[in-house]
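Biologist: Please take one part of this model and go through it closely, element by element. I would like to know what pairs with what, and what is enclosed by what.

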Amino acid sequence: MKQLVKFSTSVSIALMMCITATVAHAQQVLDRVAVIVDDGVILESQIEQLIKQVKQSENFSSANAPSDKVLRTQATERLIQQELQLQMAERMGIEVSEAQLDQALSRIAQDRGMSVDELRENTINSGQSWPAFREQIKTEIITSQVERAAVQRRVSVTPQEVENLVNLIEQNDASPTEYRLRQILIGVDSDAPNEKQEAAKRRAQAVIDRLEEGEDFSQLAIRSSSGSNALDGGDLGWMTENSMPTLFAEVVKGKSKGEIIGPIRSGVGFHILQVADKRGEQVVEVQEVKARHILIKQSVILSDNKAKEMLAQFREQILSGEKTFAELAKEHSADPGSASRGGDLGWSRPDRYAEEFKQRVSTLEKGVISEPFRTQFGWHIVEVTDRRTLDATQESKRDKAYQMLFSRKYREEVDTWRQEMRDRAYVRVVAK
């Protein structure tokens, strides 16, 4: 009997060791290196997680879903672009602090009509961990900053271009129409051999044929598009003719909702567009605020917490009447442009400030001094001293014209920049 018990125990131990080894092997397979990208890697688990998120998104329909192979290709390409931008961010020294991340999460929660606690609960209920969601948002902030920094340098808008567009808008009495576009890009370089270009053109025509037969554009974009917004169903957002790429504006004008356009040839391939929706121009009143602030920047000798504490003390001194706002701004503010004026920033529209600063001056009551808050420039306290509605018609027209021109040129440059970055990179898919 003792021998039998001993034998059974040995079998149990061996079986447990086998199970443990199997689980360990499964975890190792899940977290294996899937792609090498320059100095970094993409893990199998990252690809699987992105595919899972796509399948849970509103643009995804299980009834007409692309194959897992296609989804994997699209997810892998997005992660390659993301990894390249993260490596560029590291070289540029771009970082996102915990305070900035918390502020971003607060804005996301507010946009969704919930509190941060409700956002956390909703995220966990959807199957994603809260730390993973925070890391995802942090990555999105970093990559968007890298993109803006890299692409903005490539975009130039001259005063003459702005004036020409303002004159054109003034001559047109009708409100400009906005189009919400979706795109499927069949990528092929303009220098590619003719046979490759012809093959890409045939693929583009085949996509159009399937769309005309009633296939869903968003699902087909996920399966077939090589554009950076493929996993978003090809959605390009709202644009006027003046803010969309010139190539698109020439063919979209006057088109009806739901209409399919293309294929359109560009330097990066064949574009197929859909007018997802249309709307007229919205009238917006111009609001301005007059504010003053004190800025304290953290440094090697001044920690982040100490900077915040200093501003809290300044606020108490002002509220108690011990010091005035202007006195403390002149003595301590690290903003050279406003310190000599007692922190006065003059009249400005809130949307011209950094996002966190904009939120404060937009919601702060007149005459109230804010609690210390952080932006990319450092720690602030701010007071809104006045508000007004300004008739700034000409200025608004110039601002709008500039934004239209900048947006058009930015959209034209961003895909080129991404492709150039991708072409320069060392990318190797590791075989399973």
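**A strand and the helix beside it**

Modeller: In strand β6, the bridge partner of arginine 180 is aspartate 277. This is a predicted model, in which local features need pLDDT of at least 70, side-chain atom pairs count only at pLDDT 80 or more, and totals for chains, interfaces and linings use all residues. Numbering starts from 1 along each chain as its sequence is written, and side-chain values use heavy atoms, leaving out hydrogens and water.

The pairing of arginine 180 belongs to a longer register: β3 (residues 178–187) and β6 run antiparallel and are joined by ten bridges. Strands here are DSSP runs of E with at least two residues, helices are runs of H or I with at least four, and both are numbered from the N terminus. Two strands pair if DSSP finds at least two bridges between them. β6 also pairs with strand β5 (residues 260–266), again in the antiparallel sense, over five bridges. In that pairing isoleucine 260 stands opposite glutamine 274 of β6. β5 and β6 form a hairpin, with two residues between them.

β6 spans residues 269–279, and eight of its eleven residues are buried, so the strand is largely enclosed by the rest of the structure. Buried means under 20% relative accessible area, exposed over 50%, and partly exposed in between (1.4 Å probe, protein chains only).

Helix α9 (residues 217–224) has seven of its eight residues buried, so α9 too is largely enclosed by the rest of the structure. The buried residues of α9 are Phe217, Ser218, Gln219, Leu220, Ala221, Ile222 and Arg223. What covers them includes strands β3, β5 and β6, together with helices α3 and α8 (194–212); contact here means heavy atoms within 4.5 Å. The N-terminal end of α9 is capped by aspartate 216, with a side-chain oxygen 3.1 Å from the backbone nitrogen of serine 218. Serine 218 is itself one of the buried residues of α9.

One of the covering elements, α3, leads on to the nonpolar core. The largest such core has 48 residues, and those with the most contacts inside it are Ile42, Ile47, Leu105, Ile137, Val146 and Trp417. Elements giving two or more residues to this core include α3 (68–92), α4 (98–111) and α6 (130–152). A nonpolar core is a set of buried Ala, Val, Leu, Ile, Met, Phe, Trp, Tyr and Cys residues joined through side-chain atoms within 4.5 Å.

How values were computed. Polar contact = N/O pair within 3.5 Å; in protein donor to acceptor, adjacent residues only side chain to side chain.
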